[in-house]
Amino acid sequence: MSTLTYPEAIGVGLLQGVTELFPVSSLGHSILLPAVIGGKIQRDLDMTADGSSYLAALVALHLATALALVVFFWRDWVRVVSGLLGSIRHRRVQTRDEKLAWLLIISTIPVGVAGLVLEKALRHALGKPVPAAVFLALNGLVLLGAERLKRGGSGRRRAGHAAPVDEPGLDPAVASDVRLTGLGYGRGAWIGAAQILALFPGISRSGVTMSAGILRGLHHEDAARFSFLLATPVILAASVLKVPELFKPENSGVLGPVAAGSVAAFVAGYVSVRFLTRYFETRSLTPFAVYCFVAGVGSAVYLSL
């Protein structure tokens, strides 16, 4: 990791900023792409190597993506924080913003606990190219399964048909909050717990939470928005734990490249969330499902030869 170059860091930053929000697994791509390219890039970007700070660098890039989410959804986060403070001050949960604040907190607890317990073990056991390729293919099947269940049988009644909000002139974000808070804390926690699967390299955090949201009755655009809101505190919390590793003396040589990569990740993340919030107003997860399955199977075959 000490030889991480500026072009490598910027390239990984752009990759992370896009793949963290697109339902295709940023961690899976961060493991697979260097392995497929090979050579010096593979050596520099190997998170399982002794003394590697690549994972800490990736967390820094995740932090930049989380900041892009905060900037994009800043009005929402102002309302959420205000709602939380008001709820604590008045010891109540009554308003829409108060309910949304507690929904996000409760929905984040499962993955927070699981991350503290499992993250290191799963990274060492599965943070290798072939397992990441297999899980990427499985991620595609998860996305495709959510779409199939949404369209047929009981899935048609469960998913993609959340009740409309009949308030003329209501801001779309606020209307989305009404539908999200209508989930209830139990279903919200179930959707949030789906993020635990993203601890497996190749499984997309946004993909599994969107899939879980769709199966719990959300439209694609609401499922995407809830996924992005849920991801923000999780990524920020992980950053608090991991980013300080970058400031150890042995990692001083990578701070410049990581800073450049973080700028790239911020820009890519902001462009991605802006695109995806519009994309999911009319489109589905199916194209991403096909890509993940084909890329995962193809990578597994290529790396096994």
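## Buried charges, aromatic rings and a nonpolar patch

Both Asp-177 and Arg-79 are buried, and they make a good starting point for a walk through this predicted model. Salt bridges with shared partners connect Asp-76, Arg-79, Asp-97, Asp-177 and Arg-225 into one network. Within the network, Asp-177 and Arg-79 form a salt bridge whose closest N and O atoms are 2.7 Å apart. This pair links distant parts of the chain, with Asp-177 in helix α9 (residues 172–181) and Arg-79 in helix α5, 98 residues apart.

Arg-79 has a second partner to look at. Its salt bridge with Asp-97 has closest N and O atoms 2.9 Å apart. Because Arg-79 lies in helix α5 (residues 74–90) and Asp-97 in helix α6 (residues 96–126), the pair ties together parts that are 18 residues apart in sequence. Arg-79 has a relative accessible area of 19%, so it counts as buried, under the 20% limit. Asp-97, with 21%, is partly exposed.

What separates Lys-40 and Asp-44 along helix α3? They are four residues apart in that helix (residues 39–44), which means about one helical turn lies between them. Lys-40 and Asp-44 also form a salt bridge. Lys-40 is partly exposed, at 38% relative accessible area, while Asp-44 is buried, at 5%. A search of the whole structure finds 10 salt bridges, and three of the pairs are set side by side here.

| Salt bridge | Closest N and O atoms |
|---|---|
| Lys-40 and Asp-44 | 2.5 Å |
| Asp-177 and Arg-79 | 2.7 Å |
| Arg-79 and Asp-97 | 2.9 Å |

Now to the rings. The search of the whole structure also finds 10 aromatic pairs. For Phe-135 and Phe-200, the ring centres are 5.1 Å apart and the planes meet at 40 degrees, so this pair is tilted; the tilted class covers angles that are neither under 30 degrees nor over 60. Phe-135 lies in helix α7 and Phe-200 in the loop between α10 (185–193) and α11 (205–215), so the pair ties together parts 65 residues apart in sequence. Phe-135 is buried, with a relative accessible area of 17%, whereas Phe-200 is partly exposed, with 24%.

Tyr-279 and Phe-288 form an edge-to-face pair, 5.5 Å centre to centre with 65 degrees between the planes. Tyr-279 is buried at 11% relative accessible area, and Phe-288 is buried at 11%. Both belong to one aromatic cluster together with Phe-22, Phe-275 and Phe-280.

Phe-288 is also a good way into the nonpolar core. Leaving aside residues up to four places away in sequence, Phe-288 touches Phe-22, Pro-23, Val-24, Leu-143, Leu-276, Tyr-279 and Phe-280. The largest nonpolar core has 67 residues, and those with the most contacts inside it are Leu-104, Phe-226, Phe-228, Phe-280 and Phe-288. Helix α4 (residues 54–72) gives the most to this core, with 10 residues.

Finally, look at the surface. A nonpolar patch of about 880 Å² is made by Val-130, Val-134, Leu-138, Leu-141, Val-290, Phe-293, Val-294, Val-297, Val-301 and Leu-305. Helices α7 (129–151) and α14 (286–304) are the elements that give two or more residues to the patch. Which of the elements gives the most to the nonpolar patch? α14 does, with five residues. From helix α7 comes Leu-138, which is partly exposed at 38% relative accessibility.

Notes
Residues numbered from 1 in each chain as written. Predicted model: local features only at pLDDT ≥ 70, side-chain atom pairs only at ≥ 80, totals over all residues. Heavy atoms only, no water. Core = buried A, V, L, I, M, F, W, Y, C linked by side-chain atoms within 4.5 Å. Buried < 20%, exposed > 50% of the residue type's maximum accessible area, 1.4 Å probe, protein only. Contact = heavy atoms within 4.5 Å. Patch = residues over 30% accessible without salt bridge, like charges linked within 9 Å, V, L, I, M, F, W, Y side chains within 5 Å. Areas by Shrake-Rupley, 256 points an atom, 1.4 Å probe, with all protein chains shown as cover. Salt bridge = Lys/Arg side-chain N within 4 Å of Asp/Glu carboxyl O. Phe/Tyr/Trp six-rings, centres within 6.5 Å; stacked < 30°, edge-to-face > 60°.
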